[in-house]
Every structure is written in structure tokens, then in C-alpha cells.
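Here is a short briefing for a reader new to this structure. Take a look at the chain below, then follow the points by topic.

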Amino acid sequence: MSKMTGLSRLSAIALGALFVFSAFAVPAQAQPQVRFEATVSPKVEPGPTTGRVVFVVSTNDRREPRTQITINGPAIFGASRDQAAPDVVTVADAASRAYPVADLATLPAGDYFVQAVMIRYGLVHRSDGKSIWVPVHHARYPFFSLQGNIYSDVQKVHLDPAQGFDVKFVLDHVIPAPPKPVDTPWIKYVSVKSELLSKFWGYPIYMGAYVLLPQGYDAHPNAHYPAVYANSHSETPYGFTTTPATPQDIADAKEGNLQTGYDFQKTWISDGYPRFLAIAPFVSSPYFLEAYDVDSANNGPYGEAFTKELVPFLEKTFRIIPKPYARFVQGASTGGWETLALQVKYPDFFGGAWVFNPDPISFAHWQNINIYTEDNLFSVPAGPFLTQERTFRRSVEGQTTITQRQLAQFEAVQGDHVRSGHQLAIWEASYGPVGEDGYPVPLFDDRTGVIDHKVAEYMRDHGYDLTEYTRRNWATLGPKLSDKLNFVSGEMDNFYLNLGVYDFQDMVKDVAGPDYPITFRYGRPKKGHGWHVTDFSQMIREMAAAAKKHAPAGEDTAQWNY
């Protein structure tokens, strides 16, 4: 045996010391447990429940935490509940989806007001053979105010992930049905069951509308009127009110270059003003508070329901002229997309569209992303070792206020399978294909942002990229859209929606030349998402002029200009 060298002796000593240290070392302590737990009170639901439980952590108690949920609001944590009996515990822990913190274990230590709310799902059996769980109560309300959803009391607690915690909630309150709309002398609410949508979804679905009557409607029982369908989030067409404006109302109107609702009312009833009906449709979907008014594999035949059921019902009920020249559509944002979709999908049905800052009408600019050629919704390469986060919302000065990644994280907490009830989800549900499980196939991975180009191509090839749809069908659409399209957009739209409008304008120039009769008006400098080129009363004057211009020979236009 050879003699041990000095280096070998030192190695042996080191190994021996390591053995001694390891033998007496204190084991690493496990991470303290952090948990929220929710059960359902059998008093509110004795049977099993299915849905999404959202645990809310707020720094204040100015309102119930559940009612504070916004993308700029409290921390939220989500967990699914699947046909669970009342005493079955639904748990959110460090592995659960969270926003805006990374997870429950990284919540800063502090005193908080906490609450749990559950978005309830019902099992529906669709006519396409798919059975899925979705919210069956849906309306123009966020889920924390939606009929049938259940919630807990508010607790004030100290939470410190370093010490661990386990907070228990009992869902023992049910959100009641909202009060029924109350008619006024000017505004009437109507509701009609959609046989088309009810057949598709396998349960009754209703469409509604708030109808603003013109001055002299009752005094002229033989008069018939044009109508504008105002696709917006508002329940009152153009803010019409007989209540004088507050200073805040005046400031808000000035910001958008609009009249206050009270001033609009004064114009509406004034002598010489065109006598129209202004209608705010109330059409929601299991996937969002607005249904996007197009036929959809996931969402159902909302375009057909709008044009074949809702509009004819309103025309018969309110003496509306049932002819294309007297039907106008207008909307902003979501409503802007719906407005353009209705006009280009049903060009013989509507007589003109006023499209304000629409949701992406070109998927080459899905906001500021080309979903056909780019690979990631959340980030963009900026060099071999650098990526930058993509913006969802910006200020008019260009400052990022919300990223795409943050919005996707916010939505993922509130629902899996594209059931968050928010913006990205309804785009995917309205435009995308149906998956094998019956739910929409996502456009992107909500953890990594990777885009599924097959889904993007499906959206394009099935006509939801409205710019590409119009281009491909220009031979038919061109003559039918002439002098009917009016676009308005701020050049610093907070959601980059002006980029899609530019694409549409370029497309029209490409297929029809620069003289094709279509109007594009852009607001600058620094005009954002809420900017309007003129107020709504002036817009209706433009519609009235268009109705007179395109009315067939022999039409009595004097009956709505008394």
C-alpha cells in the first residue's frame, strides 16, 4: 500500500469534518403552511355546488372586498369547486393562481380584510352535443354582484406567510336578483326570449333593450321612426337623464368631447331635432357581460338572434321603420367591434355604422400584437438576451399601466377553461374553436403567453378578423358598404385599438382605392380611448341625413321630422 500524501491526508480530514457536521446539522425547516379554506352553508345550498371560489385580500374596508375586485384592486386567489357537498373544503394555497402577487406565500405580511365569493356554474347541454359548466345567470354585472353567486362575511385578520396561516370562510350569503328596470316616460325596458340561443345553450336565454323614445312619440301614434342601436356598456342610451348635471358629470363629458346626459336630453326634445329611437341592447353571454353579436362556435348564434329576433321584436313593438335605410348601429370599444361586425356580416340589414375605438378589428394588430406571426402574447424579443413585456393598457403619454401578462394572471384567478368573465376570455370564446372538452380552445397559454397559431388561423378563417373578412369578401361587400362606414379613434387609444383601424383603412385603400366613400376621423394630440369626434346628438343628426339620403323613393321622411 502506498504512503498517504499530504493532499490525501487533508482531503480525508475534510471529509471527516463534513461527516461530523452532517451528522449533527439541524434539518431545514419546512415552509409554513398558508391556506384559505371555504365551505358552503347548507342553509344557502344543501346540495353540491360547482364553480370558482375567489378569495379576496384587501387593505381597507371602505367596501366589501369582493366589490373592490378590479385589475388595480385587492389581491385575489382562485380555486375551483367541482360538484362538492357543502362541507367539502375548497382550498387556495401557495400553488393556487394568484394576482397581483406571485402566490399566497409571497403576500406581504400585514393586517387585511378578507372575504370569499363563489362564481356558481350550472351544467348545460348544448345543441352541439357538448356538456359544460358555465355561469347560467349572466347580465351586465360583474360576478361579485351577479344573481345566485354566494359569498362569506368579511374578516379582519393578520396574515404573515413567514408564520403561516389558515383562514376559514363559510359561504353563507346569496346575491339576490337585481331589481327589475323601472320604465320612465322616456325610457322603456323590454325583454324577449331568444329561441335560437335557448336551443343552442339548452336553457332559456333572454335578450333585452333599453329604448329611448323620441319627443312626441305618444302624440303621433301613426308615425314610424328610424332607430340607432347603441352597443355600449350603458343601460341608458347616451346617458339620457332629466336630472341636471353635476360638476363631475360636466368634467367627464368634457374629457370625452361629449354632452352631459342632461344636455343630450335637452337636445333630444328640442324643436327641429330628428325624431329617432335610441336603443341600448342588453345582450349578455355565459362568457361575458356582452355577447359580441356574432355567431360563434362557443358562444352561440348571437348575430342571428340579434338580427332575426331582437330587432324585429323592437320594430314591431315601437313603430320603428323596418327597412335597412332606417337601421343604424353605433358603439364604442366592445360595442365598436360589435357595430362593425353587424354591419359587415349583415350589410343588407343595416343602413350605416358609426364605429368608435373598436376592439381589435384586425388580428395583425390584436392591440399591438400580430397573432399570426408573433409567438408570445406576454413578451417581445428585444435582443439576443433581452425581452420586453407587452402592454395591455397605456396612458395617453405612453406609460404602461397594465401588461398583457398581468391581465392574463388576473383573469386566470377568476376562472379556468376561459371562464373568467373578462376581456381576453370573451375574445377567445367568441372567435375561437371548441375544444374536445367543450370549452373554448385558448389562443395562448395563460402562464407562458405562447400563442397557438392554429387558433389564430381559425379565428381569421372563420371571419372574426373583420379586416381580413372584409378584404376576402370585398367583391360582394364593397357595393353594399359604400357610404355606410364611419370610424372614430384617438391616436393614443389606451389599448392600441387605433392600430386595427389603420389596418382597416389601409385595406380599403388597397382593394377599393383612396376615393371609396368611407369616413375615418382620428383624434390628436394625445386623444385616448374615450375620445369622440363630436357629441352623440350631432352623430344622430349625421344618421338622420344618411337616412334621408338613402330612403327609397316615396318614403315619408317627414313623419320623423315633425
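## The three-stranded sheet

Strand S1 (residues 34-40) and S11 run parallel and are joined by seven bridges. The model is predicted. The points below start with this sheet, then turn to the whole chain and its other parts.

- Within the S1 and S11 pair, glutamate 37 stands opposite lysine 168 in S11.
- Three strands make up this open sheet, in the order S4-S1-S11, and the pairing is mixed.
- Strand S4 (90-92) and strand S11 (165-171) stand at the edges. Each has a single partner strand, so one side of each is left without a neighbour in the sheet.
- Neighbouring strands of this sheet are turned by 20° against each other on average, direction ignored.

**The whole chain**

- The chain has 562 residues, and 54% of them count as buried.
- It holds 13 helices and 26 strands.
- Its C-alpha atoms fill a box of roughly 120 × 60 × 55 Å, taken along the principal axes.
- Among contacts with a separation of 6 or more, 72% come from residues 24 or more positions apart.

**A hairpin: S7 and S8**

- Strand S7 (residues 122-125) pairs with strand S8 (residues 131-134) over four bridges, in the antiparallel sense.
- Leucine 123 has tryptophan 133 in S8 as its bridge partner.
- S7 and S8 form a hairpin, with five residues between them.
- Glycine 129 sits in the turn and has a positive phi of about 90°.

**The eight-stranded sheet**

- Eight strands form an open sheet in the order S13-S14-S16-S15-S19-S20-S25-S26, with mixed pairing.
- Its edge strands are strand S13 (187-193) and S26, and each pairs on one side only.
- From one strand to the next, the twist averages 20°.
- Strand S15 (residues 227-231) pairs with strand S19 (residues 327-333) in the parallel sense, over five bridges.
- Alanine 230 has glutamine 330 in S19 as its bridge partner.
- Strand S25 (residues 485-490) and strand S26 (residues 519-523) run parallel, joined by five bridges.
- From S25 the chain crosses through helix H12 (residues 498-512) to S26, and this β-α-β crossover is right-handed.
- In the S25 and S26 pair, serine 489 stands opposite tyrosine 522 in S26.

**Helix H12**

- Does the length of H12 agree or disagree with its residue count? It agrees: at 1.5 Å a residue, the 15 residues should span 21 Å, and the end C-alpha atoms are 21 Å apart.
- The buried residues of H12 include Leu499, Val501, Phe504, Met507 and Val508. Polar ones are listed too, among them Asn498, Asp503 and Gln505.
- These buried residues pack against H6, strand S20 (353-358), strand S23 (391-394), helix H10 (466-472), S25 and S26.
- Glycine 513 follows H12, and its phi is positive, near 90°.

**Helix H6 and leucine 340**

- H6 lies across S15, S19, S20 and S25, and runs at about 145° to S19.
- Leucine 340 is in helix H6 (residues 334-345).
- Is leucine 340 buried or exposed? Leucine 340 counts as buried because its relative accessibility is 0%.
- Leaving aside residues up to four places away in sequence, leucine 340 touches Val355, Ile361, Leu466, Leu485, Phe487 and Phe504.
- One of these contacts, Phe504, is also among the buried residues of H12.
- Leucine 340 and aspartate 493 are 153 residues apart along the chain, and their C-alpha atoms are separated by 18 Å.

**Asparagine 370 in a loop**

- Asparagine 370 is found in the loop between S20 and strand S21 (379-383).
- At 18% relative accessibility, asparagine 370 counts as buried, because the cut-off is under 20%.
- Its side chain reaches the backbone nitrogen of threonine 373 at 3.3 Å.
- Not counting residues up to four places away in sequence, asparagine 370 touches Phe363 and Ala364.

**Alanine 475 in helix H11**

- Alanine 475 is in helix H11 (residues 474-481).
- Alanine 475 counts as exposed, with 76% relative accessibility.
- Alanine 475 and glutamate 374 are 101 residues apart in sequence. In space they are 30 Å apart, C-alpha to C-alpha.

Terms used. Residues numbered from 1 in each chain as written. Predicted model: local features only at pLDDT ≥ 70, side-chain atom pairs only at ≥ 80, totals over all residues. Heavy atoms only, no water. Helix = DSSP H or I, 4+ residues; strand = E, 2+ residues; numbered from the N terminus. Buried < 20%, exposed > 50% of the residue type's maximum accessible area, 1.4 Å probe, protein only. Contact = heavy atoms within 4.5 Å. Pairing = 2+ DSSP bridges. Right-handed = clockwise from strand over helix to strand, strands pointing away. Expected span 1.5 Å × (residues − 1). Polar contact = N/O pair within 3.5 Å; in protein donor to acceptor, adjacent residues only side chain to side chain. Axes fitted to C-alpha atoms, helices over the stretch in contact; angles between N-to-C directions.
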